[in-house]
Amino acid sequence: MAIILKAQEEIEKMRISGIALRKVHDTLAPNVVAGASTMDLEEIAVAKIAQLGGTAAFKGYHGYPFALCTSINDEVVHGMPNKKRILKDGDVLSIDCGVVIDGFYSDAAVTYAIGKPEPKIQKLLDVTKASLEAAIEQCQVGGRLFDISAAVQEMCEAEGFGVVREFVGHGIGRSMHEDPQVPNFGPRGKGLRLKAGMVLAIEPMINAGAPEVKVLADGWTAVTVDKSYSAHFEHTVAITKDGPLVLTR
Ligand code: MF3
Ligand code: CO
C-alpha cells in the first residue's frame, strides 16, 4: 500500500468531517457523568451522527457493532458500550469515535475522569493529552514519521508510563485506515519524510503501569495486563505547508 496524499479540496472535505466529529464529542462531554451507562453515550452519539448527516465509521468495521468504543479504567481501547456499565466517581472513560461525511473519515478520542481521580491518574490523562499535542507539533513538512512517535514516547516514558505497542495511529482519508502506521514509539530523526497532503490519525494509548495489553474473550476489549489504568487521546491531523492542521479540534 502507498500513502495517499490529499489535495487542498480533499483536506477541506476532511475538515468538514472532523468538525462534525468534534460536535459529536462535544455533545457527549456533558453526559459523561456518574450514573450514566456507556450505552447511554452510544445512543447519544448515534443520534448526533444522524443529525449531522454522517455515518458511524466504526459500526460494521470488521463486525464491530457500535459507533463508539468506550473503554473504562484498565481497558485500553475497543471497549464496547453496555447498558450495565455504569460510570462512577473515580473512573476514567475513553471515548473513541469515527464518522464519515461525504466519503471522508475522521477519527478522534478523548479520555475523561469521572469525579475526582487519584493524582497519578489525573497525571496520566494530562501527560497523554500533552504527548498528543507534542506529536502534532512534529507534523511538519520535511520532518520524519518517527519524530511524531518519539514525541509521544519520550514524554510518557519520562513519567514512568507504559506506551502501548500493539495498537498504532494511521493514515486516514476515504478509508479509516490508510498507510502509514503511526506508532507511539520510535527513533527520532528516522522514518519516512512527512509531506504536505498527508493526513494522520495520531492516537497515544498510554498505561499508568506496564505497556503490555491483552484482548479479552469478546474479541475486542483490550486491557492492561497489570490492570493499571489507561488513557487514549486522538486527533485527525493534516500536514500542510503552513504546519499541522488539526481537523478534529
Ligand atoms: N480509533 C480506532 C482506530 O483507529 C478505532 C477503531 S475501532 C473499530 O482503529 F471498532 F472500528 F475497530
Ligand atoms: Co484511530
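Mentor: Two strands are said to pair if DSSP finds at least two bridges between them, and strands themselves are DSSP runs of E with at least two residues, just as helices are runs of H or I with at least four, both numbered from the N terminus. This is a predicted model, in which local features need pLDDT of at least 70 and side-chain atom pairs count only at pLDDT 80 or more, while totals for chains, interfaces and linings use all residues. Residues are numbered from 1 along each chain, chains are lettered from A and ligands numbered from 1 in the order written, and side-chain values use heavy atoms, leaving out hydrogens and water.

Trainee: What makes β4 and β5 paired strands?

Mentor: β4 and β5 (residues 104–113) are joined by 10 bridges, and because at least two are required, the pair qualifies. The two strands run antiparallel, with G98 opposite D107 in β5, and in their hairpin, which has two residues between the strands, D102 takes a positive phi near 50 degrees.

Trainee: Which other strands pair with β4, and over how many bridges?

Mentor: Strand β2 (residues 68–72) pairs with β4 in the antiparallel sense over five bridges, S71 having S94 as its bridge partner. Strand β1 (residues 55–56) is joined to β4, also antiparallel, by two bridges, and because the rule asks for at least two, this pairing counts as well; here A56 stands opposite V99.

Trainee: Why is β4 described as largely enclosed?

Mentor: In β4 (residues 92–101), 10 of the 10 residues are buried, so the strand is largely enclosed by the rest of the structure; buried means under 20% relative accessible area, exposed over 50%, and partly exposed in between, with a 1.4 Å probe and protein chains only. The burial covers both faces, with V92, S94, D96, G98 and V100 pointing one way and L93, I95, C97, V99 and I101 the other.

Trainee: How do you know whether C97 is buried or exposed, and what is its disulfide status?

Mentor: The relative accessible area of C97 is 0%, so this residue is buried. A disulfide needs two cysteine sulfur atoms within 2.5 Å, and the nearest cysteine sulfur to that of C97, in C69, is 8.8 Å away, so C97 is in no disulfide. The sulfur of C139 is 15 Å from the closest cysteine sulfur, in C156, too far for a bond, and the structure holds zero disulfides.

Trainee: What makes V225 partly exposed, and T38 buried?

Mentor: V225, in the loop between β12 (222–224) and β13, has 45% relative accessibility, and because this value lies between the two cut-offs, V225 counts as partly exposed. T38, in helix α2 (residues 38–51), has a relative accessible area of 1% and is therefore buried. With contact taken as heavy atoms within 4.5 Å, T38 touches T70, I72, M80, P81, N82, R85, L87 and L93, not counting residues up to four places away in sequence, whereas on that same basis V225 touches E212, V213 and K214.

Trainee: Why are β6 and β13 called edge strands?

Mentor: Three strands form an open, antiparallel sheet in the order β6-β10-β13. β6 (162–163) and β13 (230–232) each have a single partner strand, so one side of each is left without a neighbour in the sheet. β6 pairs with β10 (residues 205–207) over two bridges, where V163 stands opposite I206.
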